[in-house]
Amino acid sequence: MILLQILKMNFWRAAGLTYVQYSNIAARCTRNALRKEMQTEAQKRGDLNIKFQKWENGKAIGTKA
């Protein structure tokens with residue numbers, strides 16, 4: 001049983017993937033398996049939003065209050 005758990009946890013490493021890469025592939029496969037009307041909504045959750053913020057002396061600068 002323990003050997004089976006180790007094999008399940010590490011197969012993505014054996015394939016040369018990081019956990020984040022493996023997780024992204026699994027999420028994409030799951031979204032693609034959904035019905036078409038649900039895929040659009042699921043795809044929105046898969047999109048990334050990144051915000052860059054400049055900091056000086058422990059305070060955010062350049063933001064609008």
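Read along the sequence, this protein runs α-α-α-β-β, which adds up to three helices and two strands. What you have open is a predicted model. Colour the chain by secondary structure and you can follow that pattern from one end to the other.

**The whole chain**

Before picking out residues, turn on the surface. The accessible area comes to about 6400 Å², and 59% of that belongs to carbon and sulfur atoms. How much of the protein counts as buried? Of its 65 residues, 5% do.

**Stop one: two tyrosines in H2**

Now select helix H2, residues 19-33, and show the side chains of Tyr19 and Tyr22. These two sit three residues apart, about one turn of the helix. By the rule used here, the model has one aromatic pair, and you're looking at it: Tyr19 and Tyr22, in a tilted arrangement. A pair of aromatic rings is described by the distance of the centres and the angle of the planes. For this pair the centres are 5.8 Å apart and the planes make an angle of 50°. Are these rings buried or exposed? Neither, quite: Tyr19 is partly exposed at 48% relative accessible area, and Tyr22 is also partly exposed, at 27%.

**Stop two: a buried glutamine**

Move on to helix H3, residues 36-46, and pick Gln39. Gln39 counts as buried because its relative accessible area is 19%, and the cut-off for buried is under 20%. What surrounds it? Leaving out neighbours within four places in sequence, Gln39 is in contact with Arg31, Asn32 and Leu34. Show Leu34 with its backbone: the backbone oxygen lies 3.1 Å from a polar atom of the Gln39 side chain.

**Stop three: the salt bridges**

How many salt bridges are there to find? The count comes to two.

Start with Arg35 and Glu37, which form a salt bridge whose closest N and O atoms are 3.9 Å apart. Both partners are out on show: Arg35 is exposed at 55% relative accessibility, and Glu37 is exposed too, at 57%.

Then jump along to Lys54 and Glu56, whose side chains meet in a salt bridge, again at 3.9 Å from N to O. Lys54 is exposed, with 53% relative accessible area, whereas Glu56 is partly exposed at 41%.

**Stop four: Lys54 and its strand**

Stay with Lys54 for a moment. Which element does it belong to? Lys54 is in strand S1, residues 54-56. Not counting residues up to four places away in sequence, Lys54 touches Lys59, Ala60 and Ile61. To see where those three partners are, select strand S2, which covers 59-61.

**Last stop: the loop between the strands**

Finish with Asn57, found in the loop between S1 and S2. What is its phi angle? The value is near 50°, positive in a residue other than glycine. Most residues other than glycine have a negative phi, so this is a good spot to pause and look at the backbone. Switch the surface back on and you'll find Asn57 easily, because it is exposed at 80% relative accessibility.

**Quick recap of what to select**

- Tyr19 and Tyr22, for the tilted aromatic pair.
- Gln39, for the buried residue in contact with Arg31, Asn32 and Leu34.
- Arg35 with Glu37, for one salt bridge.
- Lys54 with Glu56, for another salt bridge.
- Asn57, for the positive phi.

Note on methods: Residues numbered from 1 in each chain as written. Predicted model: local features only at pLDDT ≥ 70, side-chain atom pairs only at ≥ 80, totals over all residues. Heavy atoms only, no water. Salt bridge = Lys/Arg side-chain N within 4 Å of Asp/Glu carboxyl O. Buried < 20%, exposed > 50% of the residue type's maximum accessible area, 1.4 Å probe, protein only. Helix = DSSP H or I, 4+ residues; strand = E, 2+ residues; numbered from the N terminus. Contact = heavy atoms within 4.5 Å. Areas by Shrake-Rupley, 256 points an atom, 1.4 Å probe, with all protein chains shown as cover. Phe/Tyr/Trp six-rings, centres within 6.5 Å; stacked < 30°, edge-to-face > 60°. Polar contact = N/O pair within 3.5 Å; in protein donor to acceptor, adjacent residues only side chain to side chain.
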